Amino acid sequence: MKYAVLIYSSEEGPASPAEHEVYMELSGRDSTYGGAQLHPVATATTVRVRDGEALTTDGPFVETKEAFGGFYLIDVENLDDALEFAATVPAARNGGAVEVRPIVER
Amino acid sequence: MIDDVFRDEWGRVVANLVGFLGDFDLAEEAAQEAFAIAAERWPREGAPANPGAWLTTTARNRAIDRLRRERTFAAKAHLVAAPEAVEDEMDEQTFPDERLELLFTCCHPALALDAQVALTLRTLAGLETGEIARAFLVPEPTMAQRLVRAKKKIRAAGVPFRVPPEHLLPERLTAVLAVVYLVFNEGYGGRSDLAADAIRLGTSLTELMPDEPEAHALLALMLLHDARRDARFADGELVLLEEQDRDLYDAAKITAGRIALERALALRGRGPYALQAAIASLHADDPCDWHEIAALYAELARITASPVVELNRAVAVAETEGAEAALRLVEGLDLDGYRYFHAARAELLRRLDRLPEAHEAYRRALELTPAGPERRFLERRLAGPAT
């Protein structure tokens, strides 16, 4: 079985890289096959497509009715490309929304 | 002289540095350092032949020094290693005008609209945070926070420094137009250099997007307003429209504005800027067709749902239906933090001989108005009879 482990951290104190090293040792590195740290929520952009038009807003996705349903990791040139990708995701078109968050690169 | 160079060159220098460094804060700091060096050195040694290129070169070198000092050199080495002749003096050819790139970056839809405008005023027009805060009717720390957050997001989220490709251009234009117009308005109150900056940016936009009616309409609007600049002030004091000397209108600017308006209308422009430009064109006529102006404001209010537009409509209605009818429109508006709301209300009350109320409204307008001709105008009104 594969599982997603979703991390909710306070904005003030995300784990340091050193803390993560320790955690990875304890939890058994072998069982992970991907993961990333996201930039703070202030860097988020949300995309919704309504009537065929992509609406871009500054900030995270905040509705509570919809549930977190999945994610893509993409490697593109810049935020414009990422937002265009987001606008093609089905959830953005059928009443939901897609949040784009930059990944911390080490 | 440094002041003139600052106004002329700030936006271009910062744009070039943001393009080069990919970092707004570093670009602003380096630009400030370069201007400070110029202020110290030029009066003694004379200004260089190309002040903009000198400032840009100096600022670039300062930025590189700073990167080295802060030992972030390795992290940003790719910037410094860029094939730029950074130690050489730049001439016009190697000093590209990247203000449009900067404008579209500042006006990216991943930023909130108020942050877009604020960032443009800071980086392109060189306004201080306090000036921007006043233009937005918010406290200065709020504005400072907004600027910091916007710059962080641009860097962390990867907002590109460029004019967007064709397929993204139309949707990006709305924000850019709004921003340019706000820059113009900041200048219309007195800082004519800002108005000239805005007109320059507006002209560039019409060249970049020749088929976009609202770009032509915005340029028309700015030119038609700017044409009346000399008539708006006599000996540094504010003159109301009905008392303006029409011989002082800049005929060439009115003509240029009307040509741009015709271009916008020929492209089927019926948007907010086309309507406002049409109104500005009517304002330049003698006598003004206030009925037509009121009708255009009604149309504008319908598409913008803006209380500020309603306020302007009320001013036109005062001319056609009288101050009583106008005041009824004004009283319903939620614009307590807007100085022109109180000034317009005061003027209507004055015309209706309700002088104590008029005085109270002038006082409120005065509280919201920074030092300058507009403030002195209100003070003269307040010095008039109160009963």
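**Helix packing, local geometry and confidence in a predicted two-chain model**

In chain B, helix 18 (residues 339-351) and helix 19 (residues 355-367) pack with their axes 8 Å apart and at an angle of about 160 degrees. Axes here are lines fitted to C-alpha atoms, for helices over the stretch in contact, and angles run from 0 to 180 degrees between N-to-C directions; helices (H or I, at least four residues) and strands (E, at least two) are DSSP runs, numbered from the N terminus. The structure is a predicted model, in which local features need pLDDT of at least 70 and side-chain atom pairs count only at pLDDT 80 or more, whereas totals for chains, interfaces and linings use all residues. Residues are numbered from 1 along each chain as its sequence is written, and chains are lettered from A and ligands numbered from 1 in the order in which they are written.

Helix 18 of chain B and helix 19 of chain B are therefore roughly antiparallel to each other, in a scheme where angles under 35 degrees count as roughly parallel, over 145 as roughly antiparallel, 65 to 115 as roughly perpendicular and the rest as oblique. The crossing of helix 18 of chain B with helix 19 of chain B is left-handed, a term used if the near helix is turned anticlockwise from the far one by less than a right angle, with right-handed used if clockwise. Among the residues that make the contact are B:Arg339, B:His342 and B:Leu349 of helix 18 of chain B, and B:Leu355, B:Glu357 and B:Tyr362 of helix 19 of chain B, two residues being in contact if their C-beta atoms, placed from the backbone, lie within 7 Å. By class, the residues of this contact are 8 nonpolar, 1 polar and 5 charged, where Ala, Val, Leu, Ile, Met, Phe, Trp, Tyr, Cys and Pro count as nonpolar, Asp, Glu, Lys and Arg as charged, and the others, Gly among them, as polar.

A second helix pair in chain B is formed by helix 15 and helix 16, whose axes come within 9 Å and cross at roughly 160 degrees. That angle makes helix 15 of chain B roughly antiparallel to helix 16 of chain B, and their crossing is left-handed. Residues including B:Trp290, B:Ile293 and B:Tyr297 in helix 15 of chain B meet residues including B:Val309, B:Asn312 and B:Val317 in helix 16 of chain B, and the contact has 10 nonpolar, 4 polar and 3 charged residues. In the loop between helix 15 and helix 16 (307-320) of chain B lies B:Ala305, which has a positive phi of about 50 degrees although it is not a glycine. B:Ala305 counts as exposed, with 8 C-beta neighbours inside 10 Å; a residue is buried if 20 or more other C-beta atoms lie within 10 Å of its own, exposed if 12 or fewer, and partly exposed in between.

Most residues other than glycine have a negative phi, and most peptide bonds are trans. In chain A, a positive phi near 50 degrees is found at A:Asp51, in the loop between strand 1 (45-50) and strand 2 (53-58) of chain A, and A:Asp51 is exposed, with 5 other C-beta atoms within 10 Å. In chain B, a cis peptide bond with omega of about 0 degrees joins B:Asp286 and B:Pro287, and B:Pro287 lies in the loop between helix 14 (272-283) and helix 15 (290-304) of chain B. B:Thr56, by contrast, is buried, with 26 other C-beta atoms within 10 Å, and its place is in helix 3 (residues 51-69) of chain B.

Chain A contains 3 helices and 3 strands, which follow the pattern α-β-β-α-α-β along the sequence, and buried residues make up 15% of its 106 residues. Between the chains, 14 residues of chain B are in contact with 10 residues of chain A, and the side of chain B that touches chain A has 10 nonpolar, 1 polar and 3 charged residues. The predictor gives the complex an ipTM of 0.85 and a pTM of 0.73.

The mean pLDDT (the predictor's confidence in each residue, from 0 to 100) is 85 for chain A and 87 for chain B. Among the elements of chain B, the lowest mean pLDDT, 50, belongs to helix 4 (residues 77-80) and the highest, 97, to helix 13 (residues 251-266). Over residues 80-88 of chain B the pLDDT is below 50. Where pLDDT is low, the predicted coordinates should not be read in detail.
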